[in-house]
Amino acid sequence: MKIQQTRTSITVDDASLCLHRFKRPDGHGPAVLMLHGMMSNGRVFYSRSGKGLAPWLAERGYDVFVADLRGKGGSMPLIDRNARHGQSEMIGVDLPALHAAVRHQAQASQVHWVSHSWGGVVMNSCLLRHPALIAQVASVVHFAAKRSVRVRNLQRRIEIDLMWNRVLKRVTRWMGYLPARQLRIGSDNETRKTRRQIQAWVEADRWVDDDDGFDYGRAAQQVKLPPTLYLAAIDDPCRGHPEDVKRFRAESGPHFSRVHVLSKRGGAMHDYDHVSIVTHPDAGSDQFKLAEAWMQGRHDAVSETG
């Protein structure tokens, strides 16, 4: 059955946030909200040819909503040197608005949340800052989500220490924003504030908002997040290393969760990396099934590995 794809816009402050909806004509299943990572947009979850996690779940009856964060993808205005927002606005304003829009459009009391990469940090942070939302989130699935990078290897020295902390910092200061799309290092650009805030969290032990001092680490000890599956890729040396994924799970406080590392040795079809964990053609026979099992509450179908 052909999947219907539509898009709507949500007005937040002076921005228009784009939501892409995927569903079967007869689909009235559980609602799912997907959030991409940095230097990216919602296209990481779907392709023009109808592949990806969003259409895969829609074919199974889910009502899937893929968000483009502020200034990304179909959201307007696009990021340029005049953009002043950062991840504080994503966490405190944009994601709650997107979640409310999904609940309204799907007429759902609860929504499943799914993320890739830094989108997982935004999601957990949002729930810790807005604990009233926790009861409205049925489950959470993170693909390669980490908040800090503690691993030490050659890839980290190149991607984080050299490129992100030095080269791209200077480019951002010169341009007024991070032109990731023009530099062909990402599918979308980032604001100067977002790049700075991400660098601070990647390097810091404490998980604290530099806008208002909100302490997410302390909040994590006072509330319990929804059941959360942390999927990691064995061939992800820096941007979502399994050890950093485990640290993110631990600092998110005591909550029902599992970390599952995808590797051929562990039974997966491939040794996935940071991108292929959500884009590989075989993901539907591997990790997508694990994600669906988790959303269905079949937690025993997902083992703790790594």
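**Reading contacts, strands and salt bridges**

Student: Which residues does Gln 287 touch, not counting residues up to four places away in sequence?

Tutor: Touching, or contact, means heavy atoms within 4.5 Å. Gln 287 touches Phe 143, Leu 231, Leu 262, Tyr 272, Ser 276 and Ile 277. This is a predicted model, where local features need pLDDT of at least 70 and side-chain atom pairs count only at pLDDT 80 or more, while totals for chains, interfaces and linings use all residues. Residues are numbered from 1 along each chain as its sequence is written, and side-chain values use heavy atoms, with hydrogens and water left out.

Student: Where does Gln 287 lie, and is Gln 287 buried or exposed?

Tutor: Helices (H or I, at least four residues) and strands (E, at least two) are DSSP runs, numbered from the N terminus. Gln 287 belongs to helix α10. Buried means under 20% relative accessible area, exposed over 50%, and partly exposed in between, using a 1.4 Å probe and protein chains only. With 0% relative accessibility, Gln 287 falls in the buried class.

Student: Leu 231 was among the residues that Gln 287 touches. In which strand is Leu 231 found, and with which residues is Leu 231 in contact?

Tutor: Leu 231 sits in strand β9 and is buried, its relative accessible area being 0%. Beyond its neighbours within four places in sequence, Leu 231 contacts Val 141, His 142, Phe 143, Ala 144, His 260, Ile 277, Gln 287 and Leu 290. For a sense of scale, the C-alpha atoms of Leu 231 and Ser 40 are 19 Å apart, with their positions 191 residues apart along the chain.

Student: What is the order of the strands in the open sheet?

Tutor: Strands of a sheet pair through backbone hydrogen bonds, either parallel or antiparallel. Two strands count as paired if DSSP finds at least two bridges between them. Here an open sheet of eight strands runs β1-β2-β4-β3-β5-β6-β9-β10, and its pairing is mixed. β1 (4-12) and β10 (257-262) stand at the edges with a single partner strand each, so one side of each has no neighbour in the sheet. Neighbouring strands are turned by 20° against each other on average, direction ignored. That angle relies on axes, which are lines fitted to C-alpha atoms (for helices over the stretch in contact), with angles running from 0 to 180 degrees between N-to-C directions.

Student: In which sense do β9 and β10 pair?

Tutor: Strand β9 (residues 228-233) pairs with β10 in the parallel sense, over six bridges. One bridge joins Ala 233 to Leu 262 in β10.

Student: How many salt bridges does the structure hold?

Tutor: A salt bridge is a side-chain nitrogen of Lys or Arg within 4 Å of a carboxyl oxygen of Asp or Glu. The structure holds 20. In one of them, Arg 70 meets Asp 13, with the closest N and O atoms 3.3 Å apart. Arg 70 is in the loop between β4 (63-68) and α2 (87-106) and Asp 13 in the loop between β1 and β2 (15-23), so this pair ties together parts 57 residues apart in sequence. Arg 70 is buried at 6% relative accessibility, whereas Asp 13 is exposed at 56%.

Student: Which residues are linked with Arg 70 in a network of salt bridges?

Tutor: The network links Asp 13, Arg 70 and Asp 94. Asp 94 and Arg 70 form their salt bridge at 2.6 Å, N to O. This pair joins helix α2, home of Asp 94, to the loop between β4 and α2, home of Arg 70, 24 residues apart. Both Asp 94 and Arg 70 are buried.

Student: And the cysteines: how many disulfides does the count come to?

Tutor: A disulfide is a covalent bond between the sulfur atoms of two cysteines. The cut-off is a pair of cysteine sulfur atoms within 2.5 Å, and the count here is zero. For Cys 126, the nearest cysteine sulfur belongs to Cys 18, 19 Å away. Cys 126 is buried, at 0% relative accessibility.

Student: Why is helix α3 largely enclosed by the rest of the structure?

Tutor: Ten of the eleven residues of α3 (residues 119-129) are buried, so the rest of the structure largely encloses this helix. Among those buried residues are Cys 126 and Leu 127.

Student: Which residues have the most contacts inside the largest nonpolar core?

Tutor: A nonpolar core is a set of buried Ala, Val, Leu, Ile, Met, Phe, Trp, Tyr and Cys residues joined through side-chain atoms within 4.5 Å. The largest has 55 residues, and Leu 19, Leu 33, Leu 95, Trp 113, Trp 118 and Leu 127 have the most contacts inside it. Apart from that core lies another of 34 residues, including Trp 56 and our earlier Leu 231.
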